[in-house]
Every structure is written in C-alpha cells, then in structure tokens.
Amino acid sequence: MRLYSGTSKQFIKDTTQNQIADKLENAFFSYYRYKPSPNEKNSWMNSLRALSLLFQGEELLDHGILLEYQLPLSSRRLDCMICGRDQNGKDNSIILELKQWSKCEEANGANEVLTWVAGRKRDVLHPSVQVGQYKMYLEDTHTAFYDGLSPILLNACTYLHNYKYDSRDVIFAPKFEAALKRFPLFTADDTSRLGEYLVDKLEMGQGLDVLKRVEESQFRTSKKLMDHVGNTIKGKPEYILLDEQLVVYDQVLSHAKKGFHDGHKAAVIIKGGPGTGKSVIAINLMADLLLKEYNTYYATGSKAFTETLRSMIGRRGSTQFKYFNSFTAAEPNSVDVMICDEAHRIWDTSNNRFTKKDKRSNLKLVEEILKASKVAVFFIDDRQVVRPKEIGSAAYIKEFAEKYNCKIFEHELDIQFRCSGSDAFVNWVDNTLGIQKTANILWTKEESFDFKIFKSPEELDAAIKSKVEEGHTGRMTAGFCWKWSQPNSDGELENDVVIGDFERPWNAKSDGHLAPGIPKSHFWATNPNGINQIGCIYTAQGFEFDYVGVIFGKDLVYDFEKQEWQGNKEYSEDTVVRGSKDKFTELIKNSYRVLLTRGLKGCYVYFMDKDTERFVRSRMEN
C-alpha cells in the first residue's frame, strides 16, 4: 500500500500547485476510512515542499516516486522512495526519511536521541538507524530487492530540512558514526550534497520502469517467531526490529545494566495489541542479555508457548524458560532480568490445590516475580485476558511495582506486523465486538488483509487446507463451545466439534497416550499435523499463522433487539470462564478477539448464529 505513486515531474507539479497534501489526505481516508491528523498533513506540506525544491534544483525529472509506502506485513510507512537507474544502467532506489526536527538531545539508548514528538519529548531512533532498519527490513521481505539475477539496489538516507549542521551536535555523536556512514544524514545546509547523492545513484532516470518492478513484486512473509528462536538463542539474530521495537529493546538493555549495577529495582511495562511484536522483542532481549552474561529468565503463563520455545531451543537452553509460578523459592534479586511475556495472563497466586502446606507462598504471584528480579519486564495486552483468574493488567503490575519501590518505565507498541500490517483490521475487530470504539467502523475490500465469511464449516475447513497446500501456514480454531474429550484407548481423538455433518477433533490434551501422527497440545500450532485438529483459545493464544479459520460459536451472539452483544453460558464448555459471575461476556469477547487476530495474511470465519453473521456483514462494505 502507498498513498502516492508517480513520476518526479508530476510530484513537483502537485507540490508547486499545493495539491500534494490534499492528494495524500484523500488517499489516506480512502484506505484507512478516517482522516490523518492536522500535524501529519502539515508535515507532508512542509517536508515535501523542501523535497520538491531539491528535485527541481537537481533536475530529477524522470524518476519514480512513492510516498507513504507501507512496509510489508507492518503498519509502518516509509516517507519516500525514489526510483531510477544509475550511470551503469542498474535499477536503483533510495529510501528517503524526512524529518522536520530542528534540534535533539542525548538519550541513554545506543540507537536513540531525545526530541519533541507528538506533544512531548520522547526517545526515538536516530534517523540513520531508523532508515537503516527500514532498508534491512525491505531487503528481507520484498522480492524486488533480493530475488532474481538483478535485484533492485536499495540505499537509504535521511533529510532533516530544518536542522542546522553542527559537527558537535548530538545527532553526529561518535556512537552514531557507523550508522551515519552507512545511511547518511543531510541537514538544511547539505542540500547540494544530498543532490549529489541522489544524482550519483539515479543519474539515468527511467524511474517509472523501476517503480513498476517495486509495485508489482511480491512480499515474502515475515520470519515466523518459532523459526527465529532457535537461531536467536544461539547468538544468531535474524529478526529485524523496527522503530518502537528497537527503542524498547535498547531501553530494557539500559535498565538491565543500571538495575544490575546501582541496586535499584526496575519494572518495565510494554503494552501492545495483537501482532505488535511483543514476543519478538522478548526473544531478542532474552538472547542478547544471556550473551552479555546477565542472568536472564523468560517466563510465560502459556504451556503451549513455553514448551514450543523449549523444543525449538533444545534441552540445554530450555532451562532458562520458565512459568510465572516458577520463582516461589527464588532468593531476592537472584535474577538480573525477568522477561514476562503475555503478562496479562499472570494470576493471583502461585499456590494451587497441589501445593504442599509447607511450600505455600504468602505473596502474590507478581510479588514473587518482582522480589526475585532486579529488572522485571512485562509485555502486556490488557484485552487478551481470557480467563477470570488472569489479572495481570498494567495497573495491577504498577500497583505492586510501587510497593517494591521499583523505578517504573512504560512504553506502548503500535507497529502492526500481523494482519498484513493492517491496523484497520484489529481496530475493526475491537469496534465490531464492542471492546473499544475506533475509527474503523466498516471493513473495506480495499484492505490487503484477506477477511472472508463462509456459509458452512466445510467450506471454511477446505479454504484453510487449500492455503496450507499452497505452502502457507494455517490452522482451524473455534470458540470453546464443545466438550473436550480424552483420547480413546487407541490414542485417537474424539470428534468433539460437531456441526451438522461436519466433525473434527479438538487438539489433543496435554496428557495421555496419543496415536502416531497426533501432536501433543503444546505442539499443535507448529506441528504440520495440527491442521487435522481444531485449536481452542488456550492452544492458539500466543501463536500466529498465515491464515486462521475461526468457527464463531453461539457462546457469543449479537442481539439486534437490544443492540448489544450477549454471552450465552449455556453454549460454553469452558467451565472456568463459565463460572465467572459478571465478566463472562467480556472474557468471551476477548477470546474471539484473540482468535480473529492470529492471521498474518488472512482470517476466514463461519458463524453458527446467523443474526451474528448478519450484524458482522452489516459492518462490511458490499
């Protein structure tokens, strides 16, 4: 997706006639269904006017240009990409990040500066680091820049058109020397040097042909988290962190160092919705902190996710991956850094009915984590709570962090890597389910994310399996509306999910003998044979697939007469959630939100209740 595409000559004309910002605004509204902020529109006018003057001065008139180009499988947009051919006739392109900054200050992180953004001072990536991440990300996800005998050459630079050059300035500090050398930064005083840089790489023009290659090429799907873990923990990072992800990563490393040396506890709370890369950051932190010889543990509340990580990493490294309740007997401050992924799943206490009397803890579970660690990092999404005993909200964690005199740091992730990078889909799901009001009231077919409603479970099942046969990853999931049986004496699974003539088993339970070819529950999401079973919320949460199928049961229906969602306990087989007195509907909504947002490329749905289907269809453009 891009908001503007054309020739540099047309771009100059649109800018000169003061039409460029309006064209971008119209394209923005057409795609996102709401208008950009006044600040963003002013940014377009100011930065693109400066860029247009540069193009005119250097007579860059035969080039292709993309504005506000969305990175594949991300919600992040490039400011500008310029295409053409160099003096040797090779296809070339340049990512040009535009900034209105006039000054910045030093920040603690290795890759950040402190500047005024969105109404307050914030730690943000140094422009050269930021644009360098974009370059690496594109080279890793876009076939135009890596595939074939003659991939398009890709370069990257930044233009701070309001910034005055001063060699002593923070932005030119020695720690940024390598980034500045690879991805040069040009200030208001450097227009001639920037012009030379552009001309050197795009001298022959003919940019429309190159632009066409960029727009017609395919995206390669992002590296899957589980494939990445094994290499990461062995010290071979592959996954590219972008913008806020790298800022958070650097901040946690900084807090870990300070907390380790000065003795002050720290609690870092990172909030982010589905697909914002929380687990990716957590795994990168885990690997690098261990390599830096910090005593680091990775804790979750999900058996499926934890066991999959352990399997991928191998026996030797699996000991560093624990559950939230593994630290009851830990000595105070014995853990340098505790990374708590899916911290919304933290429950009240580590005690259970199997805990011996002399082993019972008188502390809350979150207290055990904070007590054991010098730095505790919580990755959290308050709207992924799906069980009544899951109480790890951001506010709850802050309450106990203050009790333990922790320095508290908060950050929010907003880059969308799942759902084809479509913020719109996640926002639309939130709006449609009545979880949160957003600007995305209607779902449009113009979105790159593939959302479809099917007439029968058979058609839904066939569609997902077809995608898997094409080489994509995919799984069928459903609301917890059917009993979950133990395997029979032969280890075969019972067909518990029955809708008319359609019959399928749930994924296996975590215990019991299983027939050959049936994966254990915690490997359902990653084992190829998992396509033969239907996953419930507890095995699907924390994982992602190219395509997810969702059977939307009658435990949550839309009541047209009352104009509201209604939870139906009589259709739920989740005894834990069903026992919730006043949160049942809220928890079921969260469960379907989780299931609907597991897909990287598409989500296919079958609704058992036809009134509910009609309501959802009413929120879609015909």
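Before placing Pro528 I fixed my terms: helices (H or I, at least four residues) and strands (E, at least two) are DSSP runs, numbered from the N terminus. The model I am reading is predicted.

**Pro528**

With those terms, I found Pro528 in the loop between S19 and strand S20 (534-535). I looked up its accessibility next, and Pro528 is exposed because its relative accessible area is 64%, where the cut-off for that word is over 50%. I also took a distance from here: Asp559 is 31 residues away along the chain from Pro528, and the two C-alpha atoms lie 38 Å apart.

**Val497**

I turned to strand S18, which holds Val497. Its relative accessible area is 0%, so I noted Val497 as buried. Setting aside residues up to four places away in sequence, I listed what Val497 touches, namely Trp482, Phe502, Glu503, Arg504, Trp506, Ile534 and Ile551. For a long separation I paired Val497 with Leu290, which is 207 residues from it in sequence, and I recorded 44 Å between their C-alpha atoms.

**Helix H16**

Does the span of H16 agree with its number of residues, or disagree? The helix runs over residues 457-469, and its 13 residues should span 18 Å at 1.5 Å a residue; since the end C-alpha atoms are 18 Å apart, I wrote down that the two agree.

I then asked which residues of H16 are buried. They are Pro457, Leu460, Asp461, Ala463, Ile464 and Lys467. Viewed down the axis of H16, these buried residues fall within an arc of 160°, and therefore they line one face of the helix. Looking for what covers them, I found that the cover includes strand S16 (450-454), strand S17 (474-478) and strand S18 (497-499), together with strand S19 (502-504), strand S21 (545-552) and strand S24 (599-607). After H16 comes Gly471, and I noted its positive phi, near 105°.

**Helix H20**

I made the same kind of check on H20, residues 610-618, where Thr612, Glu613, Phe615 and Val616 are buried. These residues cover an arc of only 160° around the axis, so they sit on the same side of H20. The elements covering them include helix H15 (423-432), strand S22 (556-559) and strand S23 (564-567), as well as S16, S21 and S24.

**Helix H4**

Two residues of H4 went into the notebook. Gln130 lies in this helix, which covers residues 127-141, and Gln130 counts as buried because its relative accessibility is 8%, below the cut-off of 20%. Apart from neighbours within four places in sequence, I found Gln130 in contact with Glu97, Lys99, Leu125 and Asp243. Gly132 also has its place in helix H4, and at 0% relative accessibility I entered Gly132 as buried. From Gly132 I went to Cys157, 25 residues away along the chain, and the separation of their C-alpha atoms came to 7.9 Å.

**Positive phi outside glycine**

I looked up two residues other than glycine that have a positive phi, starting with Glu342, whose phi is about 50°. Glu342 lies in the loop between strand S13 (335-340) and helix H13 (365-372), and with a relative accessibility of 6% Glu342 counts as buried. For Asn405 I recorded a positive phi near 55°, in the loop between helix H14 (394-403) and strand S15 (407-413). Is Asn405 buried or exposed? Its relative accessible area is 65%, so I noted Asn405 as exposed.

**The second largest pocket**

I closed with the second largest pocket, in which lies about 1,400 Å³ of space. Its lining is made of 32 residues, and those nearest the pocket centre are Gly301, Lys303, Arg345, Arg387 and Tyr538. I then checked which elements give two or more residues to this lining, and they are helix H11 (303-313), helix H17 (537-540) and helix H18 (575-578). By residue class, I divided the lining of this pocket into 13 polar, 11 charged and eight nonpolar residues.

Conventions:
Residues are numbered from 1 along each chain as its sequence is written. This is a predicted model: local features need pLDDT of at least 70, side-chain atom pairs count only at pLDDT 80 or more; totals for chains, interfaces and linings use all residues. Side-chain values use heavy atoms; hydrogens and water are left out. On a 1 Å grid over the protein atoms alone, a cavity is a set of points where a 1.4 Å probe fits but cannot get out, and a pocket is an open set with protein on both sides within 12 Å along at least five of seven lines; lining residues have an atom within 4 Å of a point. Grid points are joined across faces, edges and corners, and a volume is the space filled by probe spheres set on the points. Ala, Val, Leu, Ile, Met, Phe, Trp, Tyr, Cys and Pro count as nonpolar, Asp, Glu, Lys and Arg as charged, and the others, Gly among them, as polar. The expected span of a helix is 1.5 Å times one less than its number of residues. Buried means under 20% relative accessible area, exposed over 50%, partly exposed in between (1.4 Å probe, protein chains only). The arc is that of the directions from the helix axis to the C-beta atoms. Contact means heavy atoms within 4.5 Å.
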